[in-house]
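Colleague: Can you walk me through this one? I have a few quick questions.

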Amino acid sequence: MSIDHVSKYKFNIGDSVLYGTDTITTQKKIGDLKDVFQNEGERSTMNQESIVYSVSLLQPVKAGTIGGLFIGTSIIEQGQVDKEYYMTKGHFHQNTSSSEFYWGTHGSGMVLMMKQDRSFHIEHMSPGSIHFIPAETAHRVINTGNEKLIFNACWPADAGYDYDTIYNEGFSCRIFNHNGSPTIIETDKR
Ligand SMILES: [Fe+2]
């Protein structure tokens, strides 16, 4: 028997972020998000180096491992492109039977979930909220608050990511700041 007194992975309560020796961190800047927001003209004139969101990811097993799990922390900065709130690109899972958990730890926002028939529903995210994303459901998180939004996620290591469907077809709604209130606007296509 052996006991590890120091876990390889750590969740920092202070800033609600995961750390670990094998953490991979990626950032998405304004310059990486071409055609993601409705007002592409506005996005193209903004500071391309400005960070919209970052993801720190722990992968204890290789991608594609059946039965494995990944865990990650996402931080979405507070901001807008024109009146559209900063948000993640969003994706379906390549392995369409894969589901996922999100849980909020800081700030407030919305989890947008869209089925393949483009029907959607939205859940409010706040510290302590838990969101189950079922199979065959695209998911995106939008920071509708006035500070950083931090959330964590756990998903199967063999889920994979299908970003192309969302890139080509978009979600069926967008969320804008109208006079200080988040307003959901249904869209046919982006
Ligand atoms: Fe996912």
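Modeller: This is a predicted model. One open sheet has six strands, in the order β3-β4-β5-β13-β8-β11, with antiparallel pairing.

Colleague: Which strands stand at the edges of that one?

Modeller: β3 (24–29) and β11 (130–133). Each has a single partner strand, so one side of each is left without a neighbour in the sheet.

Colleague: And how much are neighbouring strands turned against each other?

Modeller: By 20 degrees on average, with direction ignored.

Colleague: How many bridges between β8 and β11?

Modeller: Four, and the two strands pair in the antiparallel sense. Within that part of the sheet, Tyr 102 stands opposite His 131 in β11.

Colleague: What holds such strands to each other in general?

Modeller: Strands of a sheet pair through backbone hydrogen bonds, in a parallel or an antiparallel way.

Colleague: Back to β4. Where does Ser 54 lie, and is it buried or exposed?

Modeller: Ser 54 lies in strand β4, residues 51–58. Its relative accessibility is 14%, so it counts as buried.

Colleague: What is Ser 54 in contact with, leaving aside its neighbours within four places in sequence?

Modeller: Thr 26, Gln 27, Thr 73, Ser 74 and Ile 75.

Colleague: Next, the other sheet. What is the strand order?

Modeller: β10-β9-β12, an open sheet of three strands with antiparallel pairing. β10 (120–125) and β12 are at the edges with a single partner strand each, so each has one side without a neighbour in the sheet. From one strand to the next, the twist averages 20 degrees.

Colleague: How many bridges do β9 and β12 have?

Modeller: Six, in the antiparallel sense. Met 113 stands opposite His 139 in β12.

Colleague: How many residues of β12 are buried?

Modeller: Six of its six, so the strand is mostly covered. On one side the buried residues are Thr 137, His 139 and Val 141, and on the other they are Ala 138, Arg 140 and Ile 142.

Colleague: Now the metal. Which residues are the protein donors of the iron ion?

Modeller: His 91, His 93 and His 139 through NE2, and Glu 100 through OE. These donors lie 2.1 to 2.3 Å from the iron ion.

Colleague: What about the geometry of the site?

Modeller: The site is irregular, with angles of 84 to 168 degrees among the four donor atoms.

Colleague: How are the donor residues spaced in sequence?

Modeller: As H-x1-H-x6-E-x38-H. His 93 is in the loop between β7 (84–85) and β8 (100–106), while His 139 is in strand β12 (residues 137–142), so the pair ties together parts that are 46 residues apart in sequence.

Colleague: Are His 93 and His 139 buried or exposed?

Modeller: His 93 is buried, with a relative accessible area of 5%. His 139 is buried too, at 0%.

Colleague: On to the largest nonpolar core. Which residues touch the most other members?

Modeller: Phe 37, Ile 76, Tyr 86, Tyr 102, Met 125 and Val 141, out of 36 residues in that core.

Colleague: Which strands supply at least two residues each?

Modeller: β4, β5 (69–76), β9 (109–115), β12, β13 (149–156) and β14 (173–178) are the ones. β9 gives the most to this core, with five residues.

Colleague: And what tends to happen to nonpolar side chains in general?

Modeller: In soluble globular proteins they tend to be buried together.

Colleague: Last topic, the backbone. What is the phi of Asp 82?

Modeller: About 55 degrees, a positive value, although Asp 82 is not a glycine. Most residues other than glycine have a negative phi.

Colleague: Where is Asp 82 found?

Modeller: In the loop between β6 (80–81) and β7. Asp 82 counts as partly exposed, at 42% relative accessibility.

Colleague: And what about the phi of Asn 179?

Modeller: Near 55 degrees, again positive in a residue other than glycine. Asn 179 is in the loop between β14 and β15 (181–186). Asn 179 is exposed, with a relative accessible area of 82%.

Definitions and conventions: Residues numbered from 1 in each chain as written. Predicted model: local features only at pLDDT ≥ 70, side-chain atom pairs only at ≥ 80, totals over all residues. Heavy atoms only, no water. Donors = N, O, S within 2.8 Å, 3.2 Å for Na, K, Ca; no water. Tetrahedral: all angles 85-135°; square planar, octahedral: opposite > 155°, others 65-115°. Buried < 20%, exposed > 50% of the residue type's maximum accessible area, 1.4 Å probe, protein only. Contact = heavy atoms within 4.5 Å. Core = buried A, V, L, I, M, F, W, Y, C linked by side-chain atoms within 4.5 Å. Pairing = 2+ DSSP bridges. Axes fitted to C-alpha atoms, helices over the stretch in contact; angles between N-to-C directions.
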